[in-house]
Amino acid sequence: MPTPSLAELPVRRLTHRDLTACADLSEDRGWPREEHKWGLLLTAGKGYGIDDPGGGLVAACVVTEYGLYGNPELGAIGMVLVAERHAGQGVGRRLMRHVVAAMGTTPLTLHATPNGRPLYEELGFKVSGEAVMVRGHFTPRGPEPEVATRAATAEDLAEIIRLDEEVFGTDRTPIITRLPAFSDQLRVAEEHGRIIGYAAAWPNMDTHVVGPLIARDTATAKALLGSLAARTDRPLRTDIDVRHEELLAWVKERGLAALDLNAVMTYGIPELPGDWKRRFAPLTVAAG
């Protein structure tokens with residue numbers, strides 16, 4: 001039988017059973033396999049992919065929906081990958097068109113690399129901000145913020161979800177409730193018995209990714225990040241909104257170097273909902 005052309009290969013929904021194929025695709029493009037992250041995204045979100053007749057995947061991406069079940073208020077697109085052998089043949093464009101159409105009138109967001117940005121602009125996405133990826137071994141230096149932090153408990157989860165919805169601008173319960181199992185650390189900042197911020201550190205290859213990082217102010221964000229760093233020997237990695245200049249300068253003084261600058265893009269809305277002043281870093285750029 002003749003091999004179908006790329007244009008004829010159907011887009012299908014991915015499931016957790018496709019985790020290894022997704023990790024293989026990441027590796028094919030020179031990314032880390034990131035199986036732990038893929039596992040979260042494929043269970044909390046919707047995966048889309050195109051099968052390669054020769055085995056594996058031609059392309060894949062994941063959409064994480066937020067808001068009411070069945071009537072999402074925001075969709076975050078991430079992990080958009082096309083196999084090296086099929087790059088430059090319009091596969092990524094076709095997959096993205098399919099996803100945008102499948103999401104209907106739901107507003108969308110994504111983090112775009114410089115290479116991916118032209119495609120997303122062609123599809124109607126607009127730049128609404130920027131985020132800097134920083135990475136390195138955190139070394140305490142000078143006086144640290146005097147904000148009380150502690151490990152989160154099961155009793156804190158409802159308040160974390162409430163605070164997260166207030167700051168993020170829409171309900172993320174399905175993914176936030178997975179944080180205790182997904183992350184190695186989940187900590188909260190408190191004042192007078194009230195939670196004023198929270199942050200997680202989750203394992204990704206040889207690093208700990210800090211995210212989400214939600215805090216009342218920069219001092220609280222510093223305290224949470226520092227408390228996570230004090231409890232791991234791994235390098236830290238996180239993606240900080242460029243508008244948080246003070247936090248960026250602070251982490252760089254403590255050993256984290258800027259690696260990449262990515263565009264935050266939106267479709268169907270001019271900017272992300274919620275309060276950016278309290279939203280310092282996403283859970284992961286793939287899920288917002």
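I'll start at one residue: Glu34 sits in the loop that joins α1 to α2. Helices and strands here are DSSP runs, H or I over at least four residues for helices and E over at least two for strands, numbered from the N terminus. Residues count from 1 along each chain as its sequence is written. The model is predicted, with local features needing pLDDT of at least 70, side-chain atom pairs counting only at pLDDT 80 or more, and totals for chains, interfaces and linings using all residues, while side-chain values rest on heavy atoms, leaving out hydrogens and water.

Back to Glu34. Its phi is near 50°, a positive value in a residue other than glycine. Most residues other than glycine have a negative phi, and most peptide bonds are trans. On the second point, the peptide bond from Gly211 to Pro212 is cis, with omega near -5°. Pro212 belongs to strand β10, residues 207–215.

Now the helices on either side of that loop. Helix α1 (residues 19–28) packs against helix α2 (residues 35–44) at about 130°, and their axes are 10 Å apart. Axes are lines fitted to C-alpha atoms, for helices over the stretch in contact, and angles run from 0 to 180 degrees between N-to-C directions. Under 35 degrees is called roughly parallel, over 145 roughly antiparallel, 65 to 115 roughly perpendicular, and the rest oblique. α1 and α2 are therefore oblique to each other. On the α1 side, the contact is made by Leu19, Cys22, Ala23 and Ser26, and on the α2 side by Glu35, Trp38, Gly39 and Leu42; contact means heavy atoms within 4.5 Å. By class, that is five nonpolar, two polar and one charged. Nonpolar covers Ala, Val, Leu, Ile, Met, Phe, Trp, Tyr, Cys and Pro; charged covers Asp, Glu, Lys and Arg; the others, Gly among them, are polar.

A second pair is helix α8 (residues 218–229) with helix α9 (residues 245–253), whose axes come within 10 Å and cross at roughly 30°. So α8 and α9 are roughly parallel to each other. α8 brings Thr218, Ala221, Lys222, Leu225 and Gly226 to the contact, and α9 brings Glu246, Leu247, Trp250 and Val251. Five of these residues are nonpolar, two polar and two charged.

Next, the spaces. On a 1 Å grid over the protein atoms alone, a cavity is a set of points where a 1.4 Å probe fits but cannot get out; a pocket is an open set with protein on both sides within 12 Å along at least five of seven lines; and lining residues have an atom within 4 Å of a point. Points are joined across faces, edges and corners, and volume is the space filled by probe spheres set on them.

How much space lies in the largest pocket? About 1,200 Å³. It is lined by 47 residues, and nearest its centre lie Trp31, Val80, Leu81, Thr113 and Tyr120. Strand β4 (residues 71–82) gives the most to this lining, with six residues. The lining of the largest pocket divides into 23 nonpolar, 15 polar and nine charged residues.

As for cavities, there is one of 30 Å³ or more. The largest cavity holds about 30 Å³, and its lining is Ala44, Thr64, Glu65, Tyr66, Arg172, Pro174 and Ile175. β3 (57–68) and α6 (173–176) each supply at least two of these residues, and β3 has the largest share, three. Four of the lining residues are nonpolar, one is polar and two are charged.
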